[in-house]
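User: I am new to this structure and would like a close look at one part of it. Please take the metal site, then walk outward to the parts around it in the chain.

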Amino acid sequence: MYHQPVLKNRRTLLERAEKFTSDIYFTDCNLRGRLFGDTHPLESITAFLSEKRIPYSEAIQQNFQPCNVGDAFGPTWWTCWFKVVLKIPEAWREKEVHLRWESDGEGMVWRDHQPIQGLTKEGEKTSYILTECLKDSEPHGITLYVELACNGLFGAGQGSMIAAPDPKRKFTLQKAELVVFNRDVRELLTDFEMLVDIVKLLGDGEQRGFQALFTANEMVNLCDPANPSSFAAARSLAQKFFAQKNGESQHVVHAMGHCHIDSAWLWPYEETIRKCARSWVTVIRLMEKNPEFVFTCSQAQQFQWVKSWYPGLFSEIKRFVQKGQFIPVGGTWVEMDGNLPSGESMVRHFLHGQNFFKDEFGHYCKEFWLPDTFGYSAQLPQIMKGCGISRFLTQKLSWNLVNTFPHNTFFWEGIDGTPVLTHFPPGNSYEMKGKVEDLINTVKNNKDKGRANHSAALFGFGDGGGGPTQLMLDRLQRVQDTDCLPKVQMSSPDVLFSQLEADSSLLCTWVGELFLELHNGTYTTQAKIKLGNRQCEVLLHDVEVASCLALCKRDSFKYPACKLQELWRLLLLNQFHDVIPGSCIEMVVEDALQYYDEIRTAGSRLLLAACESLGSSPDKAVGSSTAVLNTLPWERTEVISLPGEGTKIRLALVRVPSVGVAQVTEMAEPIEPTVSVTMMVDGTIMMENGLLKATIDQKGRLMSLHLVQTNRETISEGGFGNQFSLFDDVPLYWDAWDVMDYHLQTRKPVIELVEPAKIVRSGGVQGSVSFSLRISGKSTIRQEIILDACCPYIKFNTQVDWEEAHKFLKVEFPVQVRSPNATYEIQFGHLQRPTHRNTSWDWARFEVWGHKWADLSEHGFGVALLNDSKYGYSVHENIMTLSLLRAPKAPDANADMGRHNFTYALMPHTGPFQEASVIQYAYNLNFPLRVYQGAISEPLSAFSVNSPAVILETIKQAEERENALLIRLYESHGSSVTATLSTSLQVKEAWHCDLLERPDPSIPVSKTTSGISLTFKPFQIRSLLLIIQ
Ligand SMILES: [Zn+2]
């Protein structure tokens, strides 16, 4: 069929085809040069610059000034509105006509008062189609508005993508004109591109690659760029090639459009709202032209934004959701970080997300969708399952720096044993472009060959939004069943997972966490965000508990459901996978901290209102009476600060019943022995409370920490506990994200004294010692070491003034414990990680995350390191280290600069940490007793649980059931137990329910005289609905 003589030079034929479609070379005579036909200038273009992001209706009222193509607009984060008046020449009858618009800013076209299409050069969207075939009857004169955000797809980084934004950048309107678009040239170019890619990617070892080469070459022979009538013959050659089919066993690629939009990252939250609109309206345009096109879209928050700000677009989206093309996925409020949010926060992501999807679109999501986060908690499978989800899609583990994760399709089993079917798209991307390379990578990289024959391929520009293009759809459409390429079908998560489930008998299981061997600086970066998160999680917990108690006690009390929903959603939003990890720009940090302030202010007000409803009984004067609320499910005896006169702090040792309140006047008498603090002649200080005996040197270091009862020393011989150390912290690229293994070789102890240890409080119910150290010329540490009466841990209240660059501050405790594993708290449970560096999987975890505590125990003795706002830990051999502060410079050039306050504590113990109540004490450190003005007639305890293994975590009003409380408990020791939940509240009925609070009548509630009897498997989460009188 080919011309004679057959050319044998692969290289010249290949490059001939490439040059024929090149947009750089030979465009005067090649096919690419014919893509666009005649051009025509706009009738007029005028502009209006706004510092703020204003609505369309407001924008069009403004005074628009003439401007020109080539003008630059800015600065960064401003918006330039353009009014575009155009007239299509009548001579362009039957032509496809585009508004060609090129700018480095992100644009949105508005027509007839509606957003109509996104225009983003970086997302390969530079054309707005005015007509596909110009008719005389169509309007030729049109007025459009273009809203141009003065930022790119990835913000405005100065010099590199993740550098801090350049606040003064200008964005240029490079092109704005009418142009004739030659669709037939586009189609032929796409044929060529696919064939050329097949030639290149199959290489010279596959005969199919040569077939593609000779087809492309013959197409060049047949095709005269100047003569469109020659195109059909060339196209039919290509079609013949693409139509040659595979065998039955070929791998199936499930292509799904996708557009990963970070809810905030290198741009602020407010810009994300517009990114969603720009991306999704473009998706709707593509769906109108391509009825087979399927698009997956996650994050309820983003739908909520579009619903609020672009109601017209939202109803169009709803229409395409009904048609099954626009597919909401994920089931969560945002795509949260997979490591740091608490167990309850994780549940709320699904609760708020699933309820939103159900309310708006009629059904819950069946897949959890989290392509881009920096690790995945081993408790996620159980939480997913409890929220109606048993399928999970992600891909970030392909970023592992050290080890290659061995699966793409597998069962992931959580710490409680719950399995979920998990799929990592083997193409290792959530923003493919529908290219041959994507398809071949999908097959080649699949690590479960022979076990799983279906894979997802997510296509569309992502991270900064953008989404799919017509070209991507055209590429995929050509190779649905082309011999030597995988089969490609436009698909949906449900279709993919159903196929995987149907043929899952050979799939392997991965047990425990999915640890990302990268980005482990995100456990520490932006310490104020971490602190805000922890404190607000605690505050909202306490507001819910107190409000439930008030609800049960007073008929007149109104549970603040709406306000709590609003505050929870702010907290959840900040748990987005570039905000809580601290990998965002300074503007986002400012927004996030402001949201935490809003939660703190409103939450404190709600807490006080609930406490006051609980407190004042009519027969007692409120006056100066002080009451204390304990929101935790065990009795606590602790030292509290009472409101004193002036600056003087009064301390008291109080006992408060579980989930209850007590009057300060009814407090327990000080229990002997109390605390004593003594300075020795050599300047060292002894602190003792009957449980612990600490010796502190002048630099604030623990020379010794004795467990009095067993006379056991905690600190290793010759070592110093509470030793601060500073490391150089220069990663390879991802500054805010990464701390590399080699930082460990740069350790410098912080030992320069500013003020030696001195006694602040010499004893009684509390003893304390303060000192300060110099970290560097600019940074200092001031610390108060506190020992309370009756408290089994020694507490370190720390203030750091931090002005560093690329340094990492940690605190170390070398302890007398030998164990191959350390234990770390995670969501609703804990897990172990090695303390040695035997294998690559072990040493890749040189910096790990944990929540409120980590513990290192040998038989009979152990040490726990507790914290109130930190997440980064490492335990190597016998040294327990807590990560305190980092100082990255990108993408926030001022990350973590300034003053920080945080607390950690060291708790040595006999026996296993479970029996020593480490878990309870870590809760106590984080959930302060709440002191308020009020009078209580008698101490109240609303709930208690008779097993120390079971933690009553959550007490809230049930969603949409005003007469019901939702109670959540979990087994925290890793044991099978039966526990009884007792309550003093009047409970009419009780139901087991799932995490979405759907009653489960299949599990009968077992009531005994003392309460509700519950059985737990290790780390099991249980939820109950209590119908109250
Ligand atoms: Zn992301």
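Analyst: What follows starts at the metal site and then moves along the chain to other elements. The model is predicted.

Start with the zinc ion. Four residues coordinate it: H260 through NE2, D262 through OD, D372 through OD and H577 through NE2. The distances run from 1.9 to 2.1 Å. The site is irregular, with angles of 89 to 158° among the four donor atoms. The cut-off explains that label: four donors count as tetrahedral if all angles lie between 85 and 135 degrees. The upper angle here is 158°.

Now look at how the donors sit in the sequence. Their spacing reads H-x1-D-x109-D-x204-H. D372 and H577 link distant parts of the chain, 205 residues apart. D372 belongs to the loop between β15 and α10 (380-386). H577 belongs to the loop between α15 (561-574) and α16 (586-615). Are these two donors buried or exposed? D372 is buried, at a relative accessible area of 4%. H577 is also buried, at 0%.

D372 leads to a sheet, since its loop follows from β15. That strand belongs to an open sheet of five strands, in the order β15-β16-β18-β17-β21. The pairing is mixed. At the edges are β15 (367-369) and β21 (509-511), each pairing on one side only. Neighbouring strands are turned by 30° against each other on average, direction ignored. A helix packs on this sheet: α13, residues 493-502. Helix α13 touches β15, β16 (391-393), β17 and β18. Its direction makes about 115° with that of β16.

Inside the sheet, take one pair of strands. Strand β17 covers residues 409-413, and β18 covers residues 419-423. They pair in the antiparallel sense over five bridges. One bridge sets W412 against V420 in β18.

The edge strand β21 leads to the next stop. T525 lies in the loop between β21 and α14 (527-553). T525 counts as buried, because its relative accessibility is 0% and the limit for buried is under 20%. Which polar partners does the side chain of T525 have? A polar atom of this side chain lies 2.9 Å from the backbone oxygen of G521. The T525 side chain also makes a polar contact with the side chain of R886, at 2.8 Å. Setting aside neighbours within four places in sequence, T525 is in contact with K530, P581, G582, A736, R886, P888 and D896.

R886 points to another group of strands. Strand β44 covers residues 879-886. Seven bridges join β44 to β37, and the two run antiparallel. In this pair, L809 has L885 of β44 as its bridge partner. Strand β37 itself spans residues 807-814. This strand is mostly covered, with seven of its eight residues buried. Strand β37 also pairs with β31 (residues 723-728), in the antiparallel sense over six bridges. There, Q723 stands opposite E812 in β37.

Two further strands come just before β37 in number. Strands β35 (residues 780-788) and β36 (residues 794-802) run antiparallel, joined by seven bridges. E784 has N797 of β36 as its bridge partner. These strands form a hairpin with five residues between them. In that hairpin, C790 takes a positive phi near 65°. Strand β36 also runs antiparallel to β45 (residues 898-910), with nine bridges joining them. One of these bridges sets T798 against F902 in β45.

Go back now to the part of the chain around the donors H260 and D262. K275 lies in helix α6, residues 269-289. Is K275 buried or exposed? K275 is buried, at 0% relative accessibility. A polar atom of the K275 side chain lies 2.8 Å from the backbone oxygen of L153. Not counting residues up to four places away in sequence, K275 touches E106, N151, G152, L153, I261, W267 and G464. I261 is therefore among the contacts of this buried lysine.

Last comes helix α12, residues 470-478. Why is this helix largely enclosed by the rest of the structure? Eight of its nine residues are buried, so little of the helix is left uncovered. The buried residues are Q470, L471, M472, L473, D474, R475, L476 and R478.

To recap, the zinc ion has four coordinating residues, and two of them, D372 and H577, come from loops 205 residues apart.

Conventions
Residues are numbered from 1 along each chain as its sequence is written. This is a predicted model: local features need pLDDT of at least 70, side-chain atom pairs count only at pLDDT 80 or more; totals for chains, interfaces and linings use all residues. Side-chain values use heavy atoms; hydrogens and water are left out. Two strands pair if DSSP finds at least two bridges between them. Helices (H or I, at least four residues) and strands (E, at least two) are DSSP runs, numbered from the N terminus. Axes are lines fitted to C-alpha atoms, for helices over the stretch in contact, and angles run from 0 to 180 degrees between N-to-C directions. Contact means heavy atoms within 4.5 Å. Donors are N, O and S atoms within 2.8 Å of the metal (3.2 Å for Na, K and Ca); water is not among the atoms, so sites may look incomplete. Four donors count as tetrahedral if all angles lie between 85 and 135 degrees; four count as square planar and six as octahedral if opposite donors are over 155 degrees apart and all others between 65 and 115; anything else is irregular. Buried means under 20% relative accessible area, exposed over 50%, partly exposed in between (1.4 Å probe, protein chains only). A polar contact is a pair of N or O atoms within 3.5 Å; within protein, one must be able to donate a hydrogen and the other to accept it, and residues adjacent in sequence count only if both atoms are side-chain atoms.
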